[in-house]
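Me: I have a structure to read and some terms to sort out. Can you take my questions one by one?

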Amino acid sequence: MSASQPAPLRDPVDDDLDLTVDALFRRQGRLAQRLPGYECRAGQRRLAEAVHTAMRRHASLVAEAGTGIGKSLAYLLPATLGRQPVIVSTATRALQDQLVHKDIPLVAHVLARPIRAAPLKGRANYVCLLEYERAARRITHGPRELYTTADDGDTWTQLTAWITAQQAEDGDGDLDQFPRRLAPEVRERVTVDQDSCLGTACRAFKVCFAERARARLKTADVVIVNHALLLLALGLAEQTEGKVALLPSHRVLVLDEAHQLEEMATAVLGVTLTLGRWRWAERRARYLSAELAGHAAQRDCAEALQAVEAAAARAADEAARWLQILVTAMGPRKAARLRPQENLPALHATEQLASTIGQALRTLKQARPLVEVEDLERWRLYQQAVQRLAAELRVVTGGNPTHARYVERVEGGRGLAVHARLIAVAPWLAQHLWTARVPNPADPEPTPHPCTLIATSATLMTGGSFTYWQARVGCPPEVMTLTVPSPFAFATQALLYVPQGREALLPPKIPSGAYLDALTARIEALLEASDGRALVLFTSYRVLGDVVARLTGRLPWLMLVQGALPPAALLRQFRADVHSVLFATRSFWEGVDVVGEALSLVIIDRLPFRSPDDPLWEARCEAVRQAGGDPFSALALPDAALRLKQGFGRLIRHRTDRGVIALLDSRVRVKGYGSFLLRSLPPARLTHELEAVRDFWATPVVSPSDT
Ligand code: SF4
């Protein structure tokens with residue numbers, strides 16, 4: 001994509017902004033006037049003022065804003081008051097949708113003027129009209145190999161109607177808005193990723209959904225991206241020395257859910273390979289060849305296409321064989337480090353596939369004009385994708401010391417993933433994110449303008465300090481910082497139960513049958529006290545499975561288990577059936593937002609220390625050791641504190657919520673580091689007695705306004 005032409009930049013903040021922030025957030029101010037039921041929150045106002053100050057100073061701000069602050073409005077209002085382009089990056093596509101459909105309309109209503117919001121997702125989220133048209137043509141005139149089941153056929157009919165409506169109504173073509181789940185094979189037929197897009201050579205370019213989404217960025221007041229896309233954009237700007245800008249010029253960049261930055265940067269800046277990549281290459285060869293079936297009557301073309309299909313099948317077979325060898329070598333382990341490998345047959349076969357595609361391309365070029373330019377371009381992009389696959393395979397089997405290379409079982413045991421990930425992402429982020437400068441072509445002087453970066457989340461501090469998070473993400477120590485505690489009255493709304501003395505639970509390194517029995521009995525007793533209504537969070541799938549197996553048939557409430565349904569469907573059921581109990585692990589430690597009685601108890605099975613068997617974690621600990629530090633205090637402890645805080649954060653989501661958090665790991669009381677972890681949590685009342693948990697629900701509710 002070519003560089004976008006940004007609007008000229010003006011002074012970032014109107015002179016009367018002080019007044020305006022005050023006018024918005026004070027009692028009886030604009031927010032109170034325009035939003036029925038709005039409650040003035042001192043914390044929200046403090047955050048808004050800090051955002052404004054940071055903008056005026058061209059400084060960056062790191063702010064921990066506790067649950068219930070209303071942080072979206074606190075950053076969106078001052079940021080948009082400046083009438084300068086703003087970019088907001090958040091963790092997931094679902095949160096992007098929430099900002100677009102809920103928060104921005106609210107801001108527009110409060111400011112009484114339109115706010116042009118432009119969401120941007122990865123290209124593969126939008127329907128590609130070119131691929132769709134080709135697939136539709138084949139379905140109408142040829143064999144229906146697109147359908148893998150009767151249900152997919154039904155989905156295709158719905159998809160066709162939806163795309164037609166999107167075009168007629170000037171819709172986004174964003175597949176997240178399509179009301180049904182698409183089988184991966186069908187999705188693949190109607191989307192392309194950045195590397196397979198024909199760009200300006202595409203005949204659908206002018207009406208392309210993804211291109212229109214990008215065009216809207218140029219005139220947007222607020223551009224809403226996700227962290228993955230933001231990091232990709234920064235990386236692309238680096239590779240092209242600023243010539244290609246996915247995002248428009250902006251003076252303010254807000255990183256919401258900033259606690260996810262390190263993990264997201266680790267994923268985006270690294271390489272992950274699964275067998276699926278080779279299977280895709282195999283399917284793509286068959287699909288592109290089938291599209292040229294008519295021309296394949298020409299003997300040269302037919303032979304060239306068959307050679308590509310055979311080479312693609314051979315590459316996939318070699319990759320499968322390689323992964324099988326890795327699985328066997330891993331034994332029962334979940335993950336293992338990968339040693340540098342030379343003369344790998346899978347690499348040779350993948351390179352061979354790229355070269356066979358090149359030969360086919362030369363043959364197809366000679367068959368012009370029978371073979372159209374568009375087809376040739378699609379074959380060229382296919383070759384590029386295979387070349388990139390080979391390059392990534394070289395990275396994961398190479399020996400660069402900046403990367404940790406490892407193989408890991410995919411969640412749920414469905415195959416393997418091979419990774420090469422940066423041991424430290426902080427240097428890259430320090431250079432490309434925190435020192436971000438915005439190029440301004442309208443400026444007669446080529447000096448870029450500084451960009452205000454606002455990083456915020458409910459969980460950035462550990463032991464009362466931002467130091468750990470800042471060091472992990474390359475954030476300079478001199479940034480402005482702010483802590484805004486949650487407005488919730490944790491002392492009365494929440495009770496923290498940690499078993500001690502006779503009730504103590506000390507998780508062994510490898511959970512024994514006796515430990516699992518004791519853990520299950522304690523969970524059951526807690527659930528009886530809460531009458532269900534609980535989220536039970538585990539640190540491992542294995543323990544989750546063991547406990548669920550022991551409880552099955554014993555609980556009178558609906559048991560919902562992660563993996564049985566998609567997360568959104570599980571949460572819908574959990575909200576709808578107030579007494580249901582949800583058993584979950586990793587991804588449910590954050591992002592679960594259930595207000596009210598349905599979530600009255602959160603149980604955490606053990607302190608969320610990372611597994612020492614995680615090869616990336618091991619490499620990161622090793623790096624700390626080599627630098628003369630202690631991996632436990634410098635890394636493991638603050639990391640666990642952040643994760644524990646996230647789990648805790650699921651409990652109280654509203655000032656009328658009340659509940660118990662049960663941390664079934666007595667180490668937090670008997671080990672020296674326990675006080676550090678407890679200090680990182682909201683100030684709930686602490687008890688060691690199960691009886692006190694029973695009493696908690698027996699006592700009448702005291703509303704915060706009564707205190
Ligand atoms: S420009 Fe790219 S994404 Fe858009 S329709 Fe063409 S090939 Fe598809």
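Me: What makes a residue count as being around the ligand, and which come nearest?

Reply: This is a predicted model. A residue counts if its C-beta atom, placed from the backbone, lies within 6 Å of the ligand. There are 14 residues around the ligand, and Cys128, Cys197, Cys202, Ala204 and Cys208 come nearest.

Me: Which helices supply at least two residues of that shell?

Reply: Helix H6 (129-141) does, and so does helix H9 (209-217).

Me: How do you know which class the shell residues belong to?

Reply: Each residue type has a fixed class. Cys and Ala count as nonpolar, for example. The shell holds 11 nonpolar residues, 1 polar and 2 charged.

Me: Why is H12 called roughly antiparallel to H15?

Reply: Look at the angle. Helix H12 (residues 275-291) and helix H15 (residues 373-396) pack at about 165 degrees, their axes 11 Å apart. Angles over 145 degrees count as roughly antiparallel, so H12 and H15 earn the term. Their crossing is left-handed.

Me: What makes the contact between H12 and H15, residue by residue?

Reply: H12 brings Arg277, Ala281, Arg284, Leu288 and Glu291. H15 brings Asp375, Arg378, Trp379, Tyr382, Val386 and Leu389. By class, that contact has 6 nonpolar residues, 5 charged and no polar ones.

Me: Why is H12 also called roughly antiparallel to H13?

Reply: Use the cut-off again. The axes of H12 and helix H13 (residues 299-330) come within 9 Å and cross at roughly 165 degrees. The limit is over 145 degrees, so H12 is roughly antiparallel to H13. This crossing of H12 and H13 is left-handed.

Me: Which residues of H12 and H13 meet?

Reply: From H12, they include Leu275, Trp278, Ala281 and Ala285. From H13, they include Leu305, Val308, Ala312 and Leu323. The H12 and H13 contact divides into 13 nonpolar, 1 polar and 4 charged residues.

Me: How do you know that H3 and H4 touch, and at what angle do they cross?

Reply: Two residues are in contact if their C-beta atoms lie within 7 Å. Gln44, Leu47, Ala48, Val51, His52 and Met55 of H3 make the contact with residues of H4, among them Leu73, Tyr75 and Pro78. Helix H3 (residues 42-57) and helix H4 (residues 71-81) cross at roughly 35 degrees, with axes that come within 8 Å. The crossing of H3 and H4 is right-handed. Their contact has 10 nonpolar residues, 2 polar and 1 charged.

Me: Which domains is the chain divided into?

Reply: Domain 1 covers 17-121 + 214-267 + 424-484. Domain 2 is 123-207, domain 3 is 273-418 and domain 4 is 490-706. The centres of domain 2 and domain 4 are separated by 42 Å.

Technical notes: Residues are numbered from 1 along each chain as its sequence is written. This is a predicted model: local features need pLDDT of at least 70, side-chain atom pairs count only at pLDDT 80 or more; totals for chains, interfaces and linings use all residues. Domain bounds come from an automatic or database domain assignment. Helices (H or I, at least four residues) and strands (E, at least two) are DSSP runs, numbered from the N terminus. Axes are lines fitted to C-alpha atoms, for helices over the stretch in contact, and angles run from 0 to 180 degrees between N-to-C directions. Angles under 35 degrees count as roughly parallel, over 145 as roughly antiparallel, 65 to 115 as roughly perpendicular and the rest as oblique. A crossing is left-handed if the near helix is turned anticlockwise from the far one by less than a right angle, and right-handed if clockwise.
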